[in-house]
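Me: I have a chain to go through at the bench. Please take me through its cysteines, its sheet and its helix packing.

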Amino acid sequence: MRLTTSILLIFFCVPLVAQHKFSISGTIPAQYKGAEIMLSSNNSSFSPISVKEKNGKFYLSGEIKQDYEPANFSVQKDNKYVGNFFILIGAQDMKINIVKLNMKDFLNDFQSFNIPFNEEQKEYRRLTRPSADSAKATFDIYYDARSKHLELAKQDSLWNIISDWREKLLIQRIKFVESHPDAYISLYLFNKEIVNGNHPVSAERLDATYNKLSNNLKESDLGKSVGQYINKRLSLTVGHVLPNFSFSTDKGEHFELPSSFKNKKLILLCFWSKGCAPCIRKIPTLKVINEKYKSKGLQLISISTDAKSDIWFDSLNKYQMPWLQTCDLPAYVQGDRIQSLLNVVSFPQYFLIDATGKLVYQNEQLNDDEDLTMLQKLLESQLQ
């Protein structure tokens, strides 16, 4: 009897994960006869589901762990994908009647019924699509200019246009999120296209937008994960101590930051790459800064993010920077990449830290200008 009781106690103490059943039924035109309809999770929360159409109809069913899950709905015919689009699925019976398919999400033509936040998604696309298309078109021109090695001035001009369009797009995305603070789609899009988007957003701006979301959204699994990430970003802002890291230089020297530089007053970390035109343009300014302050307690460390060491070495030979040089590759950096540790996603970036590792300046956070005027004034005031 005691054994039986113990087994029952063990059984009932096992935590159970709630499962929510869903179904998607629908129709598909005759031109897609024999097609396979598939539903897959965008975050691996459920196993892929597929079914063959039958007499122009299909039916999919399964279980999800959360109230809503992002999913990819796709159609394959003759072993080729003919349509693909994103949907949020909920614990309910849903319906999709396909009219015409396209591999570009926004060009698919279909009617949907009882799909969660379907109208909000349409509103989001109407609001953001023009700016997104303009930003992409300008980026394609910029990429072509880079591949043809056009002069840096033209590349910079194009990049400024891209930045303007991306800022407009960001404002539109934030406006949507703040207009729908209780909708799960807002949290999903905030995480996908703002927090993890293609252009950097300051930690303070992320935090301000996140705090406009409802408490229910922030307490969801995704909400908690996003909140933790933003808190990490906030810990990398001016006034905080940065994570320690170690690196080797192009000359084989080994250093740990900040312990190897106790004899220095300030350390300037310079993130750059060969293909970054603004990075290259700032090298003369960095040379002036190094020459002026190296004897007054400043240590410069350039951190290349080039994907191959031979590209990095070619750049070192070309630009001749007389201070410590490392490359953010496993051969030169132990543990996590420095770029990841400091959340560097755009270039150039400059981090000025004191001997304790505390961040006292960061060019993007302080919105410094092209000539690094704020940095130079700070160095002048602290390194007499």
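Reply: Start with a term: contact means heavy atoms within 4.5 Å. This is a predicted model, where local features need pLDDT of at least 70, side-chain atom pairs count only at pLDDT 80 or more, and totals for chains, interfaces and linings use all residues. Residues are numbered from 1 along each chain as its sequence is written, and side-chain values use heavy atoms, with hydrogens and water left out.

Me: How many helices and strands does the protein chain have?

Reply: Helices (H or I, at least four residues) and strands (E, at least two) are DSSP runs, numbered from the N terminus. By that count the protein chain has 11 helices and 15 strands.

Me: Which cysteines does the disulfide join?

Reply: A disulfide is a pair of cysteine sulfur atoms within 2.5 Å. The whole structure holds one. The S to S distance is 2.2 Å, and the pair is cysteine 276 and cysteine 279.

Me: Is that disulfide right-handed or left-handed?

Reply: Look at the torsion about the S-S bond of cysteine 276 and cysteine 279. It is about 80 degrees, so the disulfide is right-handed.

Me: Is cysteine 279 buried or exposed?

Reply: Buried means under 20% relative accessible area, exposed over 50%, and partly exposed in between (1.4 Å probe, protein chains only). Cysteine 276 has 9% and is buried. Cysteine 279 has a relative accessibility of 2%, so it counts as buried.

Me: Why is cysteine 327 not bonded to cysteine 279?

Reply: Cysteine 327 has a relative accessible area of 0% and is buried. Its closest cysteine sulfur is that of cysteine 279. No bond forms because that sulfur is too far, at 13 Å.

Me: What is the strand order of the open sheet of five strands?

Reply: Two strands pair if DSSP finds at least two bridges between them. Pairing in this open sheet is mixed. The order of its five strands is β13-β12-β11-β14-β15.

Me: Which strands stand at the edges?

Reply: An edge strand here has a single partner strand, so one side is left without a neighbour in the sheet. The two are β13 (324-327) and β15 (359-362).

Me: What is the bridge partner of leucine 268 in β14?

Reply: Strand β11 (residues 266-272) and strand β14 (residues 349-354) run antiparallel, joined by six bridges. Leucine 268 has as its bridge partner in β14 leucine 352.

Me: At what angle does helix α11 run to β15?

Reply: Axes are lines fitted to C-alpha atoms, for helices over the stretch in contact, and angles run from 0 to 180 degrees between N-to-C directions. Helix α11 (residues 373-382) lies across β11, β12, β14 and β15. Its angle to β15 is about 150 degrees.

Me: Which backbone oxygen does the side chain of threonine 326 reach?

Reply: Threonine 326 is in strand β13. Its relative accessibility is 0%, so it counts as buried. Beyond four places in sequence, its contacts include Trp312 and Tyr332. At 2.6 Å, its side chain reaches the backbone oxygen of serine 248.

Me: How do helix α4 and helix α7 pack, at what angle and with their axes how far apart?

Reply: Helix α4 covers residues 184-195 and helix α7 residues 221-234. Among the residues that meet are Tyr184 and Leu187 in α4, and Leu222 and Gly223 in α7. The angle is about 35 degrees, and the axes are 10 Å apart.

Terms used. Polar contact = N/O pair within 3.5 Å; in protein donor to acceptor, adjacent residues only side chain to side chain.
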